[in-house]
Amino acid sequence: MKLLKMVGSARCADRTPQRGIPTFLIVTAVLFLFAMKIFAQQTPTGHATDFTSVEYYTAPNQMRMKSRLSGAEAQPMEGGSLLIKQLKLEMFATNGTPQVIVNAPECVYNSANGTANSSGKLLLQNGDGKIRIEGEGFLWRQTDEFLTISNSVRTTIESDQKMAP
Amino acid sequence: MKKIYFIAIAALCGLSVRAQTNLIAPTNSAPRVTHIDSDSADFDMNARTAIYRGNVRVSDPDMKLTCVRLVADLPQSGRMNHIVAETNVVIDYTDAKGQTTHATGDKAVYNYAVENGATNETVTLTGNAKVENAQGCLTGEPITWNRAADHLTATNPKMIYRQNLNSTPAETNLPTANTNQMSEPK
């Protein structure tokens, strides 16, 4: 994912001050890369707004979208983290059908450990919307695709079988 | 260990725990909705499992379940086919006639599968397992409720019959019950 690659660049950049490169240059470079890597509008304060980042499958499905991450605002934070607002993450199968859709008003993505977390709400649903998981306060571990929801978890499952009157 | 089958228990023992016939004969276009609520939960997307913890409540149109911990396989779509509920499991089921059945145990395992057009849907209770309704109370270890076939199976069962709603339940043991209401396993 392009955005994640960018975050990875930021993480590497965090180590360079030890070699004597001024921090402000690194931040400037990160913001520049940020603007180049994602389709976004950058505000005077350096925030990216209305951004979208797309990842594609590898060959032979390189023309197929694997995931699409979008947000209303992304703000780089210390330590290589990103504060993302109005997050929407869509994951697709190789045939293009949506598999998972995640919405969160706000979350912090930490590239150093590959986690995303928030004290706010989360809504996750499968492609057809028949399985919905929502809760408040979450931690997503990207490495092993493990999601923890801390509070008020509700899973709703709609099955095709019909109810009697 | 002596194993006794409770076959078509609604008819034989009066412990009417009918399987939901609506699964077989759809009569309404509304989808079946199941809710699982808990204090917290973990979702392993690789293993496609969900672990619900703390004050777990499951509800669907004809059943309520509460427990402390619940592990479920997450389906790609449609209904869950394997659920394990643990610690202080309480199940309240209401059949199509409005009759309620109350079941408790330390652990309940739900399995659902359709093979060659046949539905296999069971709930197995273990650990102080007990099933009761207006007609009586059944204990056993384990008690398996076959929802699709509409019968209960219990190992080392013990029955307490309620003569009527105003009388004290009369306790009996299974040899008596077995003579006219239960069958030995083949």
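Two strands are said to pair if DSSP finds at least two bridges between them. With that in mind, we can walk through chain A, keeping in view that the model is a predicted one.

Let us start with the overall order of the chain. Chain A holds two helices and eight strands, and, read from the N terminus, the elements follow the order α-α-β-β-β-β-β-β-β-β. The chain has 165 residues, of which 25% count as buried. Among the contacts in chain A with a separation of 6 or more, 37% are made between residues 24 or more positions apart.

We now turn to the strands and to how some of them are joined. Strand E3 of chain A, which covers residues 65-76, runs antiparallel to strand E4 of chain A, residues 81-92, and eight bridges join these two strands. One place to look is A:Pro76, which stands opposite A:Leu82 in E4(A). Between the strands of the hairpin formed by E3(A) and E4(A) there are four residues, and in this hairpin A:Gly79 takes a positive phi near 80°.

From E4(A) we can move on to strand E5 of chain A, residues 98-110, which is antiparallel to E4(A) and is joined to it by 11 bridges. Here A:Lys88 has A:Asn103 in E5(A) as its bridge partner. The hairpin of E4(A) and E5(A) has five residues between its strands, and in this hairpin A:Gly96 takes a positive phi near 95°.

While following these strands in the picture, it helps to remember that in a regular strand the side chains alternate between the two faces of the sheet.

How values were computed. Residues are numbered from 1 along each chain as its sequence is written. Chains are lettered from A and ligands numbered from 1 in the order in which they are written. This is a predicted model: local features need pLDDT of at least 70, side-chain atom pairs count only at pLDDT 80 or more; totals for chains, interfaces and linings use all residues. A residue is buried if 20 or more other C-beta atoms lie within 10 Å of its own, exposed if 12 or fewer, and partly exposed in between; C-beta atoms are placed from the backbone. Two residues are in contact if their C-beta atoms, placed from the backbone, lie within 7 Å.
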